[in-house]
Amino acid sequence: MRRLFLAALAVLAFGGTAVAQNFPSRPITIIVPFSAGGPSDVMARILAERMKATLGEVVQIENVTGAGGSIGVGRAVRSAPDGYTISFGHLGTHVANGAIYKLGYDLVTDLEPVVLLPSNTMIVVSKNAVPAKSLSELLAWLKARPEPAATGTAGAGSGSHIAGLYFENVTGIKLQYVPYRGTGPAMNDLVAGQIDMIVDQLSNSINQVRAGNIRGYAVTDTKRSESASDIPTAEEAGLGGFHMTLWSGLWVPKGTPKEIVTRLNAAAVEALNDPAVRKQLENLGLQMTPKDKLTPEALGAWQQAEIEKWWPMIKAANVKVD
Ligand code: MLT
């Protein structure tokens with residue numbers, strides 16, 4: 001009986017290590033909770049491509065959309081804790097959604113943090129038909145309208161929605177939200193003039209602004225973006241107190257062996273340190289994660305701090321979701 005017990009103990013003790021040593025032995029899936037072509041999807045695909053080289057297995061993207069990203073996160077939370085399913089998310093999905101939806105999972109206790117990914121400032125953009133040439137002219141135009149402006153988001157609780165709520169708070173101007181499955185499709189409608197504006201991630205708007213297909217008015221960081229240096233900060237444009245950057249991250253289901261979390265973190269960090277990856281991301285206006293914030297623990301602490309920071313404003317907005 002004792003021999004059996006010791007044998008079982010050995011399997012438990014070394015089995016996990018053996019599992020981690022053989023990891024990965026098949027393709028890994030990153031669940032992106034927004035549609036293809038949006039800022040989350042673009043960043044995830046850039047990272048997945050480079051992580052494949054380190055992990056030696058395919059790292060594929062699965063877009064699982066809806067409900068501000070909470071459906072895709074739920075899919076990841078309920079997947080096997082074996083490292084083969086990763087949850088891509090951000091301030092919206094892994095902080096705001098917890099204040100808006102009855103999620104059926106806990107954003108902190110049902111997930112293990114893997115790595116904090118680059119962040120980007122938000123930018124106020126409009127369709128070209130809006131007759132404003134500056135943020136103050138845009139605010140005047142919005143205030144003069146009989147109806148609130150149609151403002152694209154990726155759904156209640158998404159980053160673009162939180163940014164819209166924040167914009168309403170600091171300007172006192174009501175917006176009419178038009179939810180999409182991601183700000184990729186929202187951008188298509190903005191370029192086509194079907195909606196009026198988005199408070200968008202810079203990485204999603206920057207190329208359309210550069211091409212003159214939409215108007216960019218101000219960024220919500222405390223400093224201008226080096227990749228869009230002609231666009232003023234909201235502060236410079238006369239709108240104080242509008243400071244927001246949207247950070248992203250990777251998580252795995254609770255219970256994933258620590259050695260596997262370490263392997264995934266190392267592969268993501270190697271991708272983030274790759275000069276070609278950095279160039280791609282920085283050209284989109286993304287700011288790389290500070291070196292001292294690349295550990296799983298750093299993402300866990302950051303997420304907790306962001307929950308404490310944002311939940312009061314989000315709950316006060318009393319967002320109704322059906
Ligand atoms: C959002 O929260 O607005 C999303 O990041 C949009 C997206 O990635 O499609």
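Which helices each supply at least two residues of the shell around the ligand? I looked this up first: α2 (39-55) and α6 (159-171) do. Helices here are DSSP runs of H or I with at least four residues, strands are runs of E with at least two, and both are numbered from the N terminus.

Ground rules for my notes. This is a predicted model, where local features need pLDDT of at least 70 and side-chain atom pairs count only at pLDDT 80 or more, while totals for chains, interfaces and linings use all residues. Residues are numbered from 1 along each chain as its sequence is written, and side-chain values use heavy atoms, with hydrogens and water left out.

**Ligand shell.** I listed the residues around the ligand (a heavy atom within 4 Å of it). Among them are F34, P39, S40, H90, S158, G159, T183 and Q201. Sorted by class, I get 3 nonpolar, 9 polar and no charged residues. For that sorting Ala, Val, Leu, Ile, Met, Phe, Trp, Tyr, Cys and Pro are nonpolar, Asp, Glu, Lys and Arg are charged, and the others, Gly among them, are polar.

**Polar contacts.** I checked the ligand's oxygen atoms next. One lies 2.7 Å from a side-chain N or O atom of S40, and a polar backbone atom of G159 is 2.6 Å from a ligand oxygen. Q201 brings a polar side-chain atom to 2.8 Å from an oxygen of the ligand. On its own the ligand has 270 Å² of accessible area, and the protein covers 99% of that (Shrake-Rupley method, 1.4 Å probe).

**Domains.** Where does the ligand lie relative to domain 1 and domain 2? Both domain 1 (27-119 + 246-316) and domain 2 (120-228) give residues to its shell, so the ligand lies between them. The bounds come from an automatic or database domain assignment. I get 24 Å between the two domain centres, taken over C-alpha atoms. Contact (heavy atoms within 4.5 Å) links 28 residues of domain 1 with 30 of domain 2.

The buried area between them is about 2000 Å², with 57% from carbon and sulfur atoms. That is accessible area (1.4 Å probe) lost when the two parts are put together, summed over both. On the domain 1 side, P39, L246 and L284 lose the most area to domain 2, together 28% of what that side buries.

**Backbone oddments.** I noted a cis peptide bond from F23 to P24, omega near -5°. P24 sits in the loop between α1 (2-21) and β1 (28-32).

Key: Polar contact = N/O pair within 3.5 Å; in protein donor to acceptor, adjacent residues only side chain to side chain.
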